[in-house]
Amino acid sequence: MKIVASLFLLFALSLSALSVQADTPTDARALEGVEQGRVVFDLNNNDPEMLALYLMVIRETFEDLNDQGVEPDMILAFRGRAVTMVSEDRERFDLTEFDHLDAIEEHVAALKEKGVRMESCAVATRLFGVEHGELLPGIEPVRNTFVSLTGYQAQGYAVIPIY
């Protein structure tokens, strides 16, 4: 009787493990035949807390692509007020927002380390008074992100807007 109970328990545990595997979501259907994930994130955000959250999710997206056998080719395009949040100048922010700005800086550094390209809109930096030399390391100014987004989309990049 103990053998039957042990076999039943082993069978139940095996089914449970298979069930957990079957319930784990994947992106297999969407990624079928995809070798490289070409994506540009259009970051036009007004809230440091939300920008920090989205950058965290973008880091996770990079890892998810890798984990599913797709080479990430990512670009972050900061425009609008978002350019102020990727600047070393924090005078325009409340002290209560500094933790979020620290998180943004950490995410930008980690993404740079992974080879993610980042750019800021020179139109936005001009309008919001951000000096190009104050941008976080790894963020390169471009003349106009509307133009660069047009170019990336023409090159086959998926454009994901984040507001």
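In this predicted model, one face of helix H3, made up of Pro48, Glu49, Leu51, Ala52, Leu55, Met56, Ile58 and Arg59, meets His100, Leu101, Ala103, Ile104, Glu106, His107, Val108, Ala110 and Leu111 in helix H5. Sorted by class, the residues in this contact of H3 with H5 are 12 nonpolar, two polar and three charged.

The two helices can also be described by their axes, which come within 8 Å and cross at roughly 25°. Because angles under 35 degrees count as roughly parallel, H3 is roughly parallel to H5. The crossing of H3 and H5 is left-handed.

Both helices also take part in the largest nonpolar core, which has 32 residues, and in which Leu43, Leu55, Ile58, Leu76, Phe78, Ile104 and Val108 have the most contacts. The elements that give two or more residues to this core include those in the table below, and the largest share, six residues, comes from H3.

| Element | Residues |
|---|---|
| Strand S1 | 36–43 |
| Strand S2 | 71–78 |
| Helix H4 | 82–85 |
| Strand S3 | 117–121 |

Which residues is Val108 in contact with, leaving aside its neighbours within four places in sequence? Val108 is in contact with Leu55 and Phe78, and also with Val86, Met118, Leu136, Pro137 and Ile139. A second, separate core has six residues, among them Val40, Ala77, Tyr152 and Tyr157.

Note on methods:
Residues numbered from 1 in each chain as written. Predicted model: local features only at pLDDT ≥ 70, side-chain atom pairs only at ≥ 80, totals over all residues. Heavy atoms only, no water. Axes fitted to C-alpha atoms, helices over the stretch in contact; angles between N-to-C directions. Helix = DSSP H or I, 4+ residues; strand = E, 2+ residues; numbered from the N terminus. Parallel < 35°, antiparallel > 145°, perpendicular 65-115°, else oblique. Left-handed = near helix turned anticlockwise from the far one by under 90°. Contact = heavy atoms within 4.5 Å. Nonpolar A, V, L, I, M, F, W, Y, C, P; charged D, E, K, R; others polar. Core = buried A, V, L, I, M, F, W, Y, C linked by side-chain atoms within 4.5 Å. Buried < 20%, exposed > 50% of the residue type's maximum accessible area, 1.4 Å probe, protein only.
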